[in-house]
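Below is a note for a colleague at the bench, arranged as numbered points that may be read alongside the sequence and the coordinates.

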Amino acid sequence: MSRFDTYFLMKEPDVIEYVRIKVPQMDWDAATMNSREIGDGNLNYVFKVTDALGHSVIVKQAGEELRISREMKIDTDRNRIESEILILQGKLAPGYVPRIYDYDTTMCACCMEDLSDHILMRTAMLQHKIYPKFAEQISDFMAPVLMGTTDVVMDHQEKKALQRKFISPQLCDITEALVYTEPYNDELGRNNVFAPNAAFVKEKLYGDTALHLEVAKLKMDFMTRAQSLIHGDLHTGSIFINDADTRVFDPEFAFYGPMGYDIGNVIANMIFAWCNGDAYGETEFCAWVESVIRDVVNLTMEKMGKYYDEHVTDTMAKAPGYKEYYMASILSDTAAVTGLELNRRTVGMANVKDLTTIPDEAKRARAERICMTAAIDFIKNRADKHCGNCFLNTLKDAVKAVDAQG
Ligand code: SR1
Ligand code: MG
């Protein structure tokens, strides 16, 4: 028996004892062990435990209520899902996720590799740092992880077993509300709209019924198309990075959904990074971000196409023309989700620092209008975004349109 046999929310001192029990292979120096809470996310509690011998581990525990809103309660089983998915992704894309040392379905906590020699990518983007390997690395992660869990490649019964194992109704519900509903009507009154853009949001997002129809189609598609085991929240706050390495973490929103959801999240969050850099006049940084937007689209599609050719098992998916049809649908989903993520992080409940920390009011208002203008184009004209340059041009056209409106 240990006091970790019944769930409770751990505090810093508890985590020291927890780690000694759960990660004994690290040969901890008990006298110098230290625990510090380091998380500032919306959902969980994250601690770093170290000792004077240089050992370190990260502990992540799921709370029963969200940090962003105490009224929102979600299943703590998300910690198991996250741990098991990181283990699976580590097999499909070795070296692109943190190592899991232990996960525990009683305390709803996992112990994982400390990536302190990396930086949270959103923080790096706010410092306008450039990572030339990022597009290559994130596409190396997404292609096998996304294509490798589809019906095109996997045994269909094994795929359905994964689908059952990783179903997350409450987390999907959050995405369905925050990404696919509230940015277009504020039905629960919890959107955060920047006051200078209130009229713009009312007209362009709340008032456009043609846009609502497209979002409705995309929402039902998100809810019903079990295409691939997606990360479900692949923004720059779910990526650790350094000059050599990119690591994806935090897949607690993972489930079987359309894979364009992940690719679109990466692109949208690079557009937020671009908007922040642009507001600060960081031209070199913005030029790099533009290359990332173009290359992530092109490289991911190219690598997924290659993965398809090399690993396809389904007989009918080998029918001439099917691959082209399938890949085109991924690209169009990617464009749509780029738009959905741009809108929801601009006006919804969970905003991004890339926009909210722009100190000059006029510059922030302009950046947000660029995001929403591009977003509407991405959603309505998703089938026309055929390549990386098309994605980049959507951003550039939005800048021109917003600047022309004054
Ligand atoms: C209620 S949680 C708000 C957001 O934080 C997470 O990172 C997800 O993106 C979610 O939509
Ligand atoms: Mg997260």
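1. In helix α1, the residues D14, V15, Y18 and V19 are buried. They cover an arc of only 135 degrees around the axis, which puts them on the same side of α1. This fits a general rule: an α-helix has 3.6 residues a turn, so residues three or four places apart point the same way. Please keep in mind here, and in every point below, that this is a predicted model.

2. What do the buried residues of α1 pack against? Their partners are the strands β1, β2, β3, β4 and β5. The helix as a whole, residues 12–22, packs on the sheet that these strands form and touches β1, β2, β3, β4 and β5 (109–112), with its direction making about 120 degrees with that of β1.

3. That sheet is an open one of five strands, arranged in the order β1-β2-β3-β5-β4 with antiparallel pairing. At its edges stand β1 (34–37) and β4 (100–104), each of which has a single partner strand, so one side of each is left without a neighbour in the sheet. From one strand to the next, the twist averages 20 degrees.

4. Within this sheet, strand β2 (residues 44–50) and strand β3 (residues 56–62) run antiparallel and are joined by seven bridges. Taking two of the pairs as landmarks, V49 stands opposite V57 in β3, and N44 stands opposite A62 in β3. The hairpin of β2 and β3 has five residues between the strands, and in it G54 takes a positive phi near 95 degrees.

5. Strand β3 is also joined to β5, by four bridges, and these two strands again run antiparallel; here Q61 stands opposite A109 in β5. Is β3 buried or exposed? Seven of its seven residues are buried, so β3 is largely enclosed by the rest of the structure.

6. The side chains of β3 can be sorted by direction: S56, I58, K60 and A62 point one way from the strand, whereas V57, V59 and Q61 point the other way, and all are buried. The general background is that in a regular strand the side chains alternate between the two faces of the sheet. A reader who looks at K60 and Q61 should note that both are among the buried residues of β3.

7. A second helix, α2 (residues 78–92), lies across β2, β3, β4 and β5, and it runs at about 155 degrees to β4. For the edge strand β4, a useful residue to inspect is I100, which lies in that strand. I100 is buried, with a relative accessible area of 16%, which falls under the 20% cut-off for that label.

8. Which residues does I100 touch, if those up to four places away in sequence are not counted? They are S83, L86, I87, C111 and M112. By contrast, the C-alpha atoms of I100 and A273, which are 173 residues apart along the chain, are separated by 29 Å.

9. A further open sheet consists of three strands in the order β6-β8-β9, and its pairing is antiparallel. Here β6 (119–120) and β9 (246–248) stand at the edges, each with a single partner strand, so one side of each is left without a neighbour in the sheet. Strand β8 (residues 239–241) and β9 run antiparallel and are joined by three bridges, and the bridge partner of F240 in β9 is R247. Helix α4 (residues 134–147) packs on this sheet, touching β8 and β9, and its direction makes about 35 degrees with that of β9.

10. Turning to the whole chain, the model has 14 helices and ten strands. The radius of gyration is 21 Å, close to the 22 Å that the globule rule gives for 406 residues, so the chain is as compact as a globular protein of that length. Along its principal axes, the C-alpha trace spans about 65 × 55 × 40 Å.

11. Of the 406 residues of the chain, 57% count as buried. Among contacts with a separation of 6 or more, 72% are accounted for by residues 24 or more positions apart. The accessible surface of the chain comes to about 16,800 Å², and 52% of that surface belongs to carbon and sulfur atoms.

Technical notes: Residues numbered from 1 in each chain as written. Chains lettered and ligands numbered in written order. Predicted model: local features only at pLDDT ≥ 70, side-chain atom pairs only at ≥ 80, totals over all residues. Heavy atoms only, no water. Pairing = 2+ DSSP bridges. Axes fitted to C-alpha atoms, helices over the stretch in contact; angles between N-to-C directions. Contact = heavy atoms within 4.5 Å. Buried < 20%, exposed > 50% of the residue type's maximum accessible area, 1.4 Å probe, protein only. Arc of directions from axis to C-beta. Rg over C-alpha atoms; globule rule 2.2 N^0.38 Å. Areas by Shrake-Rupley, 256 points an atom, 1.4 Å probe, with all protein chains shown as cover.
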